[in-house]
Amino acid sequence: MTTTTAPPRARALAVLCVMQLMIILDGTVVTVALPTIQSDLGFSQAGLAWVMNSYLIAFAGLLLLAGRIGDLIGSKRVFVAGLAVFTAASLLCGLATTSELLLAGRFLQGVGGALASAVILGMIVGLYPAPGDQARAMGVYGFTSASGASIGLILGGVITQTVGWHWSFLINVPIGVVSLVLALRLLRTQPGLGLSKGADVLGAVLVTAGLSLAVYTIVQTAEPTAALPRTLLLAAVSLVLLAGFVLRQARATQPLLSLHIFRNSQVTLSNLVVVLLFAAGFGFQFMTALYLQRVLGFDSLQTGLAFLPAPILGAVMSLFLGPRLIAHFGSRPILLAGLAALLAALLLMSQAPVHGSYLTNVVTPLLLVGAGTGVAIPAAIMLAMSGAEPTDAGLTSGLNNTAQQAGAAVGTAVLATLAASRTAVQVSAGADPVAALRDGYSVAFVAASAFVLAALVVGTALLLRYRGRP
């Protein structure tokens, strides 16, 4: 292909990253707007959680299938379809006047987000096959993943308090339309393998049902009506479905997920690091926002603005310094350094007092998180994608995105449950309510530190096993 006919790679990368940024922003922007949404649409407290959960279940449940569809019919087709569905669903959410319409729109946003997000990493690898260029491109993508949640908190506070919660969704519409036009013009059309090469309908049903039920099981544990026997039953059913999927893939002539991917220890271990990294990273943002609001007394706008140091330093690290460090030292040492910075941030936040100060107790952890995730996320993603065969790029991309979403969901659910349990014990023992909240958050930060320690162990295994390799 000549340079005159090749699409501008930088513009194509921008389109892919804008879509990824919209997907990430959509979660945290809405989080800040939830109290206003509850008041306007009459949600119950339990029902309000489904504004987030309906999106998450559709998104996480479809990622793996969407990635494989990208391999079969072409990544561009799947990306464009996902972008179109996400944009239309955002319009439905923004115009919703009832809780039912909003939940339907959120579910469709999850479907569109899964279709688009599942193939993005594979398309970036195709655009930038050279290691140096790929490191810089992954730095841009890593910035959107690492800083998108913090940016969303900032935008959510501003939008909700100025023009209203509807614009948390409507803002996606013009961006989505422009991105759709640019995607049709700039992204390369590559033929897929064909549906006959992997249309495993039974496998698709098993994995989508298993993942969706697993995510539902996790998120419903935070509901007041959650009962342990029911939770255990749901978890058992989801495990049976996923086990059935694995058996199906081992025996199917044309599997949806070829198990040979997991024979590559770098792909397997890197995705495990991604799960643990996102569990700790999203857990940090969630618990820190609660600490700022419920302990230090910040409002939604102040909370959003308080997170500014993380995305600013994250941008510097992931867009500029990080790619140079990865090119010079390799992905594995930089991954370990980023994880160490995140671990330090979590340990510092676990010691934040009741009468703490933003400048004294919060700014330093935020800077450490920005620096740590700014290099750790692109390094981990590069390692996870580097072992993929070209014909499996979409599937590996979907697998990595599934690891990200599973980590975020598990981390948030586990840490929220631990914090709530510790707070309840302290309150029942007669402790001051604010002090009890702080103790609960401290326990959650320590638990998140354990996720990072586990990631450091796995990352060290990667370093030792592939010593001397890029």
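This passage describes a pocket, a long-range set of residue pairs, two salt bridges and one helix of a predicted model. Because the model is predicted, local features are given only at a pLDDT of at least 70 and side-chain atom pairs only at pLDDT 80 or more, whereas totals for chains, interfaces and linings use all residues. Residues are numbered from 1 along each chain as its sequence is written, and side-chain values use heavy atoms, with hydrogens and water left out.

The second largest pocket has a volume of about 680 Å³. A pocket is here an open set of points on a 1 Å grid over the protein atoms alone, where a 1.4 Å probe fits and where protein lies on both sides within 12 Å along at least five of seven lines; lining residues are those with an atom within 4 Å of a point. The grid points are joined across faces, edges and corners, and the volume is the space filled by probe spheres set on them. The second largest pocket is lined by 28 residues, of which Leu211, Leu242, Leu399, Thr402 and Ala406 are the closest to its centre. Two or more lining residues come from each of helix 3 (50-73), helix 9 (201-220), helix 10 (228-251), helix 11 (265-295) and helix 16 (393-428), where a helix is a DSSP run of H or I with at least four residues, numbered from the N terminus. By class, the lining holds 23 nonpolar residues, five polar residues and no charged ones; Ala, Val, Leu, Ile, Met, Phe, Trp, Tyr, Cys and Pro count as nonpolar, Asp, Glu, Lys and Arg as charged, and the others, Gly among them, as polar.

Helices 3 and 16, which both contribute to this lining, also hold residues that are far apart in sequence. Leu64, in helix 3, is buried with a relative accessible area of 5%, where buried means under 20%, exposed over 50% and partly exposed in between, for a 1.4 Å probe and protein chains only. Leu64 and Thr396 are separated by 332 residues in sequence, yet their C-alpha atoms are 8.5 Å apart. Leu65, likewise placed in helix 3, counts as buried at 18% relative accessibility, and its C-alpha atom is 9.2 Å from that of Leu399, 334 residues away along the chain. Also in helix 3 is Tyr55, buried at 7% relative accessibility, whose C-alpha atom lies 9.7 Å from that of Asp26, 29 residues apart in sequence. Within helix 16, Gln404 is buried with a relative accessible area of 2%, and its side chain makes a polar contact of 2.9 Å with the side chain of Asn400. A polar contact is a pair of N or O atoms within 3.5 Å; within protein, one must be able to donate a hydrogen and the other to accept it, and residues adjacent in sequence count only if both atoms are side-chain atoms. An α-helix has 3.6 residues a turn, so residues three or four places apart point the same way.

Side chains of opposite charge can pair when their charged atoms come close. Two salt bridges are counted, each being a side-chain nitrogen of Lys or Arg within 4 Å of a carboxyl oxygen of Asp or Glu. In one of them Arg9 pairs with Asp133, with the closest N and O atoms 3.6 Å apart. Arg9 lies in helix 1 (residues 9-41) and Asp133 in helix 6 (residues 131-162), so this pair ties together parts that are 124 residues apart in sequence. Both partners are partly exposed, Arg9 at 34% relative accessible area and Asp133 at 24%. The other salt bridge joins Asp439 to Arg438, with closest N and O atoms 3.0 Å apart; here Asp439 counts as buried at 15% relative accessibility, while Arg438 is partly exposed at 22%.

Helix 17 covers residues 433-465, and its 33 residues should span 48 Å at 1.5 Å a residue, which agrees with the 49 Å between its end C-alpha atoms; the expected span is 1.5 Å times one less than the number of residues. The N-terminal end of helix 17 is capped by Asp432, a side-chain oxygen of which lies 3.1 Å from the backbone nitrogen of Val434.
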